[in-house]
Amino acid sequence: MIIEPKIRGFVCITAHPEGCAKKVADEIAIAKASSIESGPKKVLVIGASTGYGLSSRITAAFSCEASTLGVFFERPSSNGKPASAGWYNTVAFENEATAAGLYAKSINGDAFSNEIKEEVIQTIKEDWGTVDCVIYSLASPRRTDPTTGNTYKSCLKPIGSSFSNTSLDTNKGLVESVSIEPANEEDIENTVKVMGGEDWELWMEALSNAGVLNEDTKTVAYSYIGPEVTWPVYKNGTIGTAKLDVERASRAIHEKYGIEAYVSVNKAVVTQASSAIPVVPLYISILFKIMKAKGTHEGCIEQIVRLFKDRLYEGELNLDSEGRIRVDDWEMDPDIQAEVASIWPSVTTDNLREVSDFDAYQKEFLELFGFGLEGIDYSQDVEVDRPIQSLIS
Ligand code: NAD
């Protein structure tokens, strides 16, 4: 079939397999250009199909030549409808990994469940014995607690008082004001339950109990801090509270299992998760223009290659005062932030494309779903039913 983008709110409900394959190939080329000889050799990525998790899997495989096991929650094609982008990304990743002689297996299912954890452990026991590196890169709007069966929903709300600021309707290119009511206690608890550190701890507990960690295993979960303009809805809001809990979990994991466990604060990038956060897409559009002009712009793959090479495996960790790895350092450069702050109050629908890189934002958003990539003929019929070669379940 001929596949076109169909955008509904913050997501595109269609995806193009050839476009996704091109995007994955582009990331692989970047990863291959940075060889990390002392990198890990057996890497588990939880949330491996899109965004930062996909780039982590690509870096592990193509910079470190590691075997990778990827866990994600994606939709295969059915009734002639295209699969989700993360499904097609994984098809492409596995094809390239296999062609390069690299082990790659995948598990599609709810990473919050005991069943998926058990399946991962069985696979590691049978195929690897132990795991060198565990990347935790889930972004999910809900989580079912495996013990109680209760389902919790996360939300993106300020805490204490309502928040009003400028935001961007990314479909229409309209700069408008947004006002968000504050969270109640339940909102905060639920968001911590979904996006906090509990599930990461459960993963590490299960892996430790199964004896598949080794003394050099490292584990990293991703976080974000960002500029003051987003703090009411991010750092100081419900999601920021959940991220503080991820930092607590990193310390608990280190203490309980004696392994290195880090939170890496990454930069703002265009992903399915970040496009749903109020204010952030406008900030990203302005940020990209400034960072590109300064020559410091990075996407997911450049960030993760730098994390693995310069921080985790070959350089210095350079932990901040809270013990976190910072690869958002170029984003948070005071000169960059001063420029963002000077542009922010003056941005309007009329000058949006002048003062920000909104065109690039929209292009990158479509690329997440395999659309708008160079060299792809979107007028061609394509097969939507594509199997993931080494899908365990
Ligand atoms: P994303 O939406 O691109 O990826 C989310 C991944 O989680 C996908 O692989 C998806 O399949 C998987 N997933 C979701 N629910 C799942 C479930 N129940 N079971 C199994 N897999 C599931 O998100 P992202 O933006 O790459 O975010 C990943 C992490 O990076 C998050 O912790 C996020 O806070 C952090 N981060 C993101 C940004 C940003 O700008 N996007 C910046 C800094 C940090």
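This is a tour of selected residues in a predicted model, taken stop by stop in the viewer.

**Stop one: a positive patch**

Select Lys6, Arg8, Arg75 and Lys81, which together form a positive patch on the surface. Then keep arginine 75 alone. This residue sits in the loop that runs between β4 (67-72) and α3 (85-99). Its relative accessibility is 41%, so arginine 75 counts as partly exposed.

**Stop two: a nonpolar patch**

Next select Phe10, Val11 and Ile13. These residues make a nonpolar surface patch, and their accessible area together is about 250 Å². Center on isoleucine 13, found in the loop between β2 and α1. Isoleucine 13 counts as partly exposed because its relative accessibility is 38%, a value between the 20% limit for buried and the 50% limit for exposed.

**Stop three: a salt bridge inside helix α1**

Move on to lysine 23 and glutamate 27. They form a salt bridge, with 3.5 Å between the closest N and O atoms. Both belong to helix α1 and are four residues apart, so about one helical turn separates them. Which of the two is buried? Glutamate 27 is buried, at 9% relative accessible area. Lysine 23, at 22% relative accessibility, counts as partly exposed.

**Stop four: a salt bridge between two helices**

Select glutamate 339 and lysine 294, whose side chains meet in a salt bridge at 2.8 Å, N to O. Glutamate 339 is in helix α10 (residues 334-343) and lysine 294 is in helix α8, so this pair ties together parts that are 45 residues apart in sequence. Color the two by accessibility: glutamate 339 is partly exposed with a relative accessible area of 31%, and lysine 294 is partly exposed with 42%.

**Stop five: a salt-bridge network**

Now show aspartate 320 and arginine 326. Their side chains meet in a salt bridge of 2.9 Å, N to O. Are these residues buried or exposed? Aspartate 320 and arginine 326 are both buried. Extend the selection to Glu247, Arg324 and Asp328: salt bridges with shared partners join these residues, Asp320 and Arg326 into one network. To put this stop in context, the whole structure contains 26 salt bridges.

**Stop six: helix α12 and what covers it**

Select α12 (358-367). Its buried residues are Phe358, Ala360, Tyr361, Phe365 and Glu367. What covers them? The cover includes two strands met early in the chain, β1 (7-8) and β2 (11-12), along with α1 (17-32). Also among the covering elements are β9 (163-169), α8 (280-294) and α11 (352-355). Show these elements as cartoon and the buried residues of α12 as sticks to view the covering parts around them.

**Stop seven: glutamine 380**

Finish at glutamine 380, which lies in the segment after α12. With 45% relative accessibility, glutamine 380 counts as partly exposed. Which residues does it contact, leaving aside neighbours within four places in sequence? Glutamine 380 is in contact with Met1 and Ile2. For a distance check, pick the C-alpha atoms of glutamine 380 and glutamate 331: these residues are 49 apart along the chain, and the two atoms are separated by 39 Å.

Technical notes
Residues numbered from 1 in each chain as written. Predicted model: local features only at pLDDT ≥ 70, side-chain atom pairs only at ≥ 80, totals over all residues. Heavy atoms only, no water. Patch = residues over 30% accessible without salt bridge, like charges linked within 9 Å, V, L, I, M, F, W, Y side chains within 5 Å. Areas by Shrake-Rupley, 256 points an atom, 1.4 Å probe, with all protein chains shown as cover. Salt bridge = Lys/Arg side-chain N within 4 Å of Asp/Glu carboxyl O. Lys, Arg positive; Asp, Glu negative; His and termini not counted. Charge placed at Lys NZ, Arg CZ, Asp CG, Glu CD. Buried < 20%, exposed > 50% of the residue type's maximum accessible area, 1.4 Å probe, protein only. Contact = heavy atoms within 4.5 Å.
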